[in-house]
Structure formats: structure tokens, C-alpha cells
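Take a look at the structure below. The tour starts at one strand and then works outward.

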Amino acid sequence: MVDKFVGTWKMISSEDFDDYMKALGVGFATRQVGNRTKPSLIINMDDQGMICLKSQSTFKTVEVKFNLNEPFEETTADDRKTMTVFSLENGKLVQKQKWDGKESTIEREVTGDGKLIAKCVMGDVIAVRTYMKEV
């Protein structure tokens, strides 16, 4: 089920990401860089089912390794320390982050036209980042 997510994905569009970062509490300077950065998303899975998700850009590279449905401590690209769990829900790779009484969700879905859509949700703020698979 995770197989369709495996590969290297190049960002082709980003909508409302500044509002999402604001809702997370990200400072102005970091948001400016975050808005200009178009990271690649690299997703791999090893023989034991451990998944590696890497967000790579000229500004910053962040990598997390995880098993589905197993909570772990994550340090996010904006340096939040979260308790994170990934799961598969209705064909979507869902990442739930909790910290300081707050919660954010990132749903990643591969569409019929071969794009990966990442929907980033914090409260009533939703950002959508779209990626195309590199061949």
C-alpha cells in the first residue's frame, strides 16, 4: 500500500503554506525562507517495512524514519519537538503531529494523474502542496 508513495517527488505548487506556518507558530524569517523553498520529497521503504521520508532542499533537509502506527519523537523542519505517528487511512499516508497541546495533520495522497498531494492542516487552516514524481 505504501509502494505508490515510494520515489522522488518534486514540488510543483504550494497554496496557503504561509498561513499554515503562521498557524504552527513559525516566525517571520523562517516563513519567508519556507515560502521560497520548493523541496523534493523522497520516500523509501526497507525490507523490514521501515519507511524513510526525506524533505530535501537547498535550505534544509529533514529526514524521518518510522514504522506505520508507531509513535515517535520528531524534530520538524521548523524545530518543533512533536510526538508523531504515521498511518495509512483510505489509501492516504497520514502524519499526525502533537506538541504543547496542539495537533497538526499532513495527509499525503497519490492521485489518479500521478501527483502526490500533501494537505497540511492546523486548526481551520489548510495548505496544499502538490508534487510530481521524478522519473
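Strand β5 has two faces. Phe72 and Glu74 lie on the covered one, while Glu73 and Thr75 make up the uncovered one. This is a predicted model, so every value here is computed from predicted atoms. The strand covers residues 72-75. Its pairing with β6 is antiparallel and rests on four bridges. One of the residues to find is Thr75, whose bridge partner in β6 is Lys81. Between β5 and β6 the hairpin has five residues. Asp79, in that hairpin, takes a positive phi near 70°.

Now step back to the sheet. Where does β5 stand in it, at an edge or in the middle? The sheet is open and is formed by ten strands, in the order β4-β3-β2-β1-β10-β9-β8-β7-β6-β5. The pairing is antiparallel. β5 stands at an edge, and so does β4, residues 61-66. Each has a single partner strand, so one side of each is left without a neighbour in the sheet. From one strand to the next, the twist averages 25°.

Go to the β4 edge. Here β3, residues 51-56, runs antiparallel to β4, and six bridges join the two. Lys54 is a good place to look: Glu63 in β4 stands opposite Lys54.

Return to β6, which spans residues 81-89. β6 is joined to β7 by seven bridges, again in the antiparallel sense. Across this pair, Ser87 stands opposite Val94 in β7. The hairpin between β6 and β7 has two residues between the strands. Asn90 sits in this loop. Its phi is positive, near 55°, in a residue other than glycine. Is Asn90 buried or exposed? Asn90 counts as exposed, because its relative accessibility is 81%.

The next pair follows in the sheet order. β7 and β8 are antiparallel and share seven bridges. Lys96 stands opposite Thr105 in β8. This hairpin, too, has two residues between its strands. Asp100 is found in the loop there. Asp100 is not a glycine, yet its phi is positive, about 45°. With a relative accessible area of 71%, Asp100 is exposed.

Carry on to the loop between β8 and β9, where Asp113 has its place. Asp113 counts as exposed, at 52% relative accessibility; the cut-off for exposed is over 50%. Ile51 is 62 residues from Asp113 along the chain, and their C-alpha atoms are separated by 24 Å.

Turn now to the helices. Which residues of helix α1, residues 17-24, are buried? They are Phe17, Tyr20, Met21 and Leu24. Seen down the helix axis, these buried residues fall within an arc of 95°, so they line one face of α1. The general reason is simple. An α-helix has 3.6 residues a turn, so residues three or four places apart point the same way.

What covers that face? The cover over the buried residues of α1 includes another helix, α2 (28-36). It also includes strands, among them β1 (7-15) and β7 (92-99). β8 (102-110), β9 (115-122) and β10 (125-133) take part as well. After α1 comes Gly25, with a positive phi near 95°.

Next, the cysteines. How many disulfides are there? The count comes to zero. The closest cysteine sulfur to that of Cys52 is in Cys120, 18 Å away, which is too far for a bond. A disulfide would need the two sulfur atoms within 2.5 Å. Cys120 is likewise in no disulfide. Are these two cysteines buried or exposed? Cys52 counts as buried because its relative accessibility is 12%. Cys120 counts as buried too, at 5%. Buried means under 20%.

Last, a look at the record. UniProt, in an unreviewed entry, lists residues 6-133 as "domain: Lipocalin/cytosolic fatty-acid binding". In this model, that span is 13% helix and 58% strand. The C-alpha atoms at its two ends lie 9 Å apart.

Technical notes
Residues are numbered from 1 along each chain as its sequence is written. This is a predicted model: local features need pLDDT of at least 70, side-chain atom pairs count only at pLDDT 80 or more; totals for chains, interfaces and linings use all residues. Side-chain values use heavy atoms; hydrogens and water are left out. Buried means under 20% relative accessible area, exposed over 50%, partly exposed in between (1.4 Å probe, protein chains only). The arc is that of the directions from the helix axis to the C-beta atoms. Contact means heavy atoms within 4.5 Å. UniProt positions are given in the numbering used here, feature names are shortened, and annotations may be inferred rather than shown by experiment. Two strands pair if DSSP finds at least two bridges between them. Axes are lines fitted to C-alpha atoms, for helices over the stretch in contact, and angles run from 0 to 180 degrees between N-to-C directions.
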